[in-house]
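Biologist: I am new to this structure and would like to learn how to read it. Could you take me through it, feature by feature?

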Amino acid sequence: MPLWEVFIRPRTGLNHKHVGSLHAADAQMAVQAARDVYTRREEGNSIWVVRAEQIVASDPDLAAENFDPAGDKVYRHPSFYDIPDEVGHM
Amino acid sequence: MYSQGLIGADTQTHETPEFLEAFQAKIDSEQKIEANDPMPQAYRNTLIRMISQHAHSEIVGMLPEGNWITRAPTLRRKVALLAKVQDEGGHGLYLYSAAETLGVSREQLTDELLSGKAKYSSIFNYPTPTWADIGAIGWLVDGAAIMNQVPLCRCSYGPYARAMIRVCKEESFHQRQGYELITSLMQGNDQQQAMAQDALNRWWWPSLMMFGPSDTDSQHSDQSMAWKIKRFTNDELRQKFVDATVPQAELIGLTLPDPDLRWNDTKNGEGGYDFGEIDWDEFWRVVKGHGMMNKDRLAARRKAHADGAWVREAALAHAARHATPDVALAS
């Protein structure tokens, strides 16, 4: 029985967010099961399901290599730039 | 059943008066419209036009600044400029992806840019002959863009609004680095100050033109306001920009190139600057393709696309060769 990852949109205007997974024979049954399992208390108004095997994840062992380089790039942030106090918010 | 899945799908809606009324009621109650929701064809077309023009502007906008990366005067300025141009590329991609949720393909949008059919912001059809132009672009062009973009974070179309939230968050450094750059030139010698003033003289009016035609002449404004795609009119945003920017110029000793500019205590009830008439002939000339850099910008984009063809082909060939049946997604 294939595994499906489930994404729910909590409210119109927001992104779908991953909430968990479930097993179902096909896409339609996966959506129905996701409705039953994940939206019993008005958790959302839209569901996406994606076959778990179709999701490609980054390698946890490469987390440092992937994400640490952004750590010392302070010049990507507004506070790195000095402007006169009188200007106020910019 | 989202972005890619919608491409080429039948997105026609039955536009009965009841349907249009219910759609407007949804908009009026501040509910977002999402990709799979029924929407009037004109709402869809307006958004495709607007979001794709916005995406093209981000991509073409990389060119005038990219021009200066190798000639930035210090390493500090160079990393800032690199980071900024990299952001513009990313913003273009967020926006293309929002446009794709409306049922157009990336290839189609790219073709429309390269063939000259699609428009992008005319501001990028002005040249950047001096280093001070990099400061002027950050301070004025990004400043004007922010005025436009902040209200778009509340746009009625969900995917566009969410893309704009990301863009605005990242945009805040762009204006500050530009103003810092101009400020440091104004603290320099006579030549450096003259260079900053010259850049302001050339960029001021085109920056005001970025807000588009005057409200009396704008063909798209009323319907876009009713659909809450836009929240302020062109002239309202232009006025906000002038009122915010004039004191910033004066503070560092710059003079705005407008003899008619003066504070008016009673403007719009709360005070604001009166300013001179925009040269609308110049505006339309550049929109219609006759600005100083229109031909160069398109030529540069076409060359980049053609030069990248072998990379796209090689990547697909590599993916096909290494595909296993389970992950044979490329087609």
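Modeller: Let's begin with the secondary structure of chain A, which has 2 helices and 3 strands. Helices (H or I, at least four residues) and strands (E, at least two) are DSSP runs, numbered from the N terminus. Along the sequence, chain A reads β-β-α-β-α. This is a predicted model, where local features need pLDDT of at least 70 and side-chain atom pairs count only at pLDDT 80 or more, while totals for chains, interfaces and linings use all residues; side-chain values use heavy atoms, without hydrogens and water. Residues are numbered from 1 along each chain as its sequence is written, and chains are lettered from A and ligands numbered from 1 in the order in which they are written.

Biologist: What radius of gyration does chain A have, and what would a compact globule of 90 residues have?

Modeller: The radius of gyration is taken over C-alpha atoms, and the globule rule is 2.2 Å times the number of residues to the power 0.38. For 90 residues that gives a value near 12 Å, but chain A has 21 Å. The C-alpha trace of chain A spans about 60 × 35 × 15 Å along its principal axes.

Biologist: And how does chain B fare by that rule?

Modeller: Chain B has 331 residues, for which a compact globule would have a radius of gyration near 20 Å; its value of 22 Å agrees. The C-alpha trace of chain B spans about 65 × 55 × 35 Å, and its secondary structure comes to 14 helices and 2 strands.

Biologist: How much of each chain is buried?

Modeller: Buried means under 20% relative accessible area, exposed over 50%, and partly exposed in between (1.4 Å probe, protein chains only). In chain A, 24% of the 90 residues count as buried. In chain B, buried residues make up 52% of the 331.

Biologist: Is V19(A) buried or partly exposed?

Modeller: V19(A) counts as partly exposed because its relative accessible area is 41%. This residue lies in strand β2 (residues 17-23) of chain A. Contact means heavy atoms within 4.5 Å; leaving out residues up to four places away in sequence, V19(A) touches V6(A), I8(A) and Y38(A). V19(A) and E5(A) are 14 residues apart in sequence, with their C-alpha atoms 8.0 Å apart in space.

Biologist: Why does S122(B) count as buried?

Modeller: S122(B) is buried because its relative accessible area is 16%. S122(B) sits in the loop between α6 and α7 (132-152) of chain B. With residues up to four places away in sequence set aside, S122(B) touches V286(B) and V287(B).

Biologist: Which residues are buried in helix α6 of chain B?

Modeller: In α6 (residues 106-114), they are L109(B), T110(B), E112(B), L113(B) and L114(B). Their cover includes α3 (41-60), α5 (75-100) and α13 (294-307) of chain B. After α6(B) comes G116(B), with a positive phi near 90°.

Biologist: How many residues does each chain bring to the contact between them?

Modeller: Chain B brings 21 residues and chain A brings 19. Buried area is the accessible area (1.4 Å probe) that two parts lose on being put together, summed over both. Chains B and A bury about 2100 Å² between them, 63% of it on carbon and sulfur atoms. On the chain B side, R162(B), F173(B) and R176(B) supply 28% of the area that chain B buries against chain A, more than any other three residues.
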